[in-house]
Amino acid sequence: MDIFSGHLVLFLQKKGFPMLCSINLPVKIDCERKMEVDDLDPWFFPLPSNICSIVPGSNHDFSNPMYRVVLSSPVMPDLIVDYDMSKRTFSIVLQEEVRGISDDHGNCLPIHKLHTPECPGTQNCMEKNDQNIELMRWKDFSDAYFCERREVISHDGVRVPLTILYSQKAWQKSLSPGLLQGYGAYGEVLDKSWCPDRLSLLDRGWVMAFADVRGGSGEHSSWHKSGSGLNKLNSIYDFISCGNYLINEGYVHRDRLGAIGFSAGGLLVGSAINMNPKLFRAAILKVPFLDICNTLLDPSLPLTTLDYEEFGNPQIQSQFEYILSYSPYENIPYNGCLPSMLVTASLLDSRVGVWEAAKWVAKLRDITCCNCSSSVILKTNMAGGHFGEGGYYSQCEETAYDYAFLMKIIGNLDDKKSAGCFLATPPCL
């Protein structure tokens, strides 16, 4: 929510999709009955129909009726839009330029009609705003890359949103490799905004999928609560269900699915691997939170007491036993066969200790089968913190290393030399 001298801006969600609206101030409130958003004559900001990410701009002028946002999606580069809340009109300011895109990627400059989301509880909201919608031109790669949103049935019948991205030209049903990403903690939104780095994998036939598991952000605050504390296992089961869905529906070959998790997302991926080691062929765990029991038992660490609300307090017996049941470090299967892994850590990380990744890798190499233990890589950044060293070229180098690992282990769709071995189940699995 943002407030200005004459307008109130509300951030909403409907069926997993973000929405924005402005309400004129002051507001006349009828205290005798329950008020809905539609009762306040809102203006729902026109948005591209495939939008996944809305980030407010620098709206620091309290008296300015212009509201700036950055819109983005997996198939649309970042778009800066100004919304005039007084006139209820909008204008496109700037869009990120994408270089190196050939004509094979389809129509990169189509003309689209911006879509005004339907207001909650009303059917005529579109008619109220249609008069202000105009044809605008912006870069969009939806003709070349499909972005689909599916709902996956989890272990308890709950529907989990899954965003699937793949190339129309390169993808092949039941043959393509894939990468599943998840986070599921702190009520945070899983980032699905535009990232040009993904084109490297997409053009090689890969599928990129984003699982909005419980514990992250959802339409209601209950989505976070149902995946945290004594409900954390729901997040892990959701992630496993999304992985199975990609395979069963033919988006990804059953032996060519990878997983990636950052920080608390590393806990999600690590636990999922322990529970279902045959589901993934490779995994990347970046500055992962893996030794959760020992970390939460040490109150001298910076974030320990703050994490009690998210994961529980292991000093309480019942909560300790629950955390222990899914902790990645404590549940590595003895002599088990696990996927190849790239585990990264940062020496100066103040959020997740460098020792967590080191302990995880050491234990994997010690108790899993000899074939699997030899395919675990520990990569330590000796100068960076939790978010790395920063800088564009450093980020490109890190991404290139990650993608090289995935292509080395899983292969590409057009890799004829490795097609035979990758399309068959590995001997150790």
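This report walks through sheets, cysteines, aromatic rings, cavities and a few single residues of the structure above.

The model is predicted: local features need pLDDT of at least 70, side-chain atom pairs count only at pLDDT 80 or more, and totals for chains, interfaces and linings use all residues. Residues are numbered from 1 along each chain as its sequence is written, and side-chain values use heavy atoms, with hydrogens and water left out.

**The four-stranded sheet**

Let us start with the strands. Helices (H or I, at least four residues) and strands (E, at least two) are DSSP runs, numbered from the N terminus, and two strands pair if DSSP finds at least two bridges between them. An open sheet is built from four strands in the order β1-β2-β3-β4, with antiparallel pairing. Its edge strands are β1 (2-3) and β4 (43-44), each of which pairs on one side only. Two bridges hold β1 in antiparallel pairing with strand β2 (residues 7-14), and I3 faces L8 in β2. As background, strands of a sheet pair through backbone hydrogen bonds, either parallel or antiparallel.

V37 sits in the loop between β3 (17-24) and β4. Its relative accessibility is 22%, so V37 counts as partly exposed (buried means under 20% relative accessible area, exposed over 50%, partly exposed in between, with a 1.4 Å probe and protein chains only). The C-alpha atoms of V37 and L10 are 9.6 Å apart, although 27 residues separate the two along the chain.

**Strand β12 and its partners**

Where does β12 find its antiparallel partners? Strand β11 (residues 145-153) is joined to β12 by nine bridges, and strand β14 (residues 207-211) is joined to β12 by five bridges; both pairings are antiparallel. Opposite S167 in β12 stands Y145, while Y166 stands opposite V207 in β14. β11 and β12 make a hairpin with five residues between them, and G157 in that turn has a positive phi of about 90°. β12 is mostly covered, with eight of its nine residues buried.

**Cysteines**

How many disulfides does a search of the whole structure find? It finds zero disulfides, where a disulfide is a pair of cysteine sulfur atoms within 2.5 Å. For C370, the closest cysteine sulfur is that of C369 at 5.8 Å, which is too far for a bond. C370 counts as exposed at 60% relative accessibility, whereas C21 is buried with a relative accessible area of 0%.

**Aromatic rings and charges**

The structure holds 16 aromatic pairs. Rings of Phe, Tyr and Trp (its six-membered ring) pair if their centres lie within 6.5 Å; planes under 30 degrees apart count as stacked, over 60 as edge-to-face and the rest as tilted. Two of the pairs are set out here.

| Pair | Centre to centre | Angle between planes | Class |
|---|---|---|---|
| W43 and F45 | 4.9 Å | 50° | tilted |
| W171 and Y251 | 6.2 Å | 40° | tilted |

Why does the pair of W171 and Y251 tie together parts that are 80 residues apart in sequence? W171 lies in the loop between β12 (159-167) and β13 (178-182), and Y251 in the loop between α4 (233-248) and β15 (257-262), so the pair links those parts. Y251 is buried, at 9% relative accessible area. W43 and F45 are both buried too, and ring pairs link them with F4, Y67, Y83 and F90 into a cluster.

Lysines also meet rings here. A charge sits over a ring if NZ of Lys or CZ of Arg is within 6 Å of the ring centre and within 35 degrees of the ring normal. K363 lies over the face of Y329, 4.4 Å from the ring centre, and K379 over the face of Y401, 4.9 Å from the ring centre.

**Cavities**

There are four cavities of 30 Å³ or more. On a 1 Å grid over the protein atoms alone, a cavity is a set of points where a 1.4 Å probe fits but cannot get out, and lining residues have an atom within 4 Å of a point. Grid points are joined across faces, edges and corners, and a volume is the space filled by probe spheres set on the points. The largest cavity has a volume of about 50 Å³, and its lining includes Y183, E188, L190, D212 and S217.

**D366 in helix α9**

D366 belongs to helix α9 (residues 354-367) and is exposed, with a relative accessible area of 62%. Between the C-alpha atoms of D366 and N335 there are 8.9 Å, with the two positions 31 residues apart along the chain.

Terms used:
1 Å grid on protein atoms, 1.4 Å probe; cavity = no way out; pocket = protein on both sides within 12 Å on 5 of 7 lines; lining within 4 Å.
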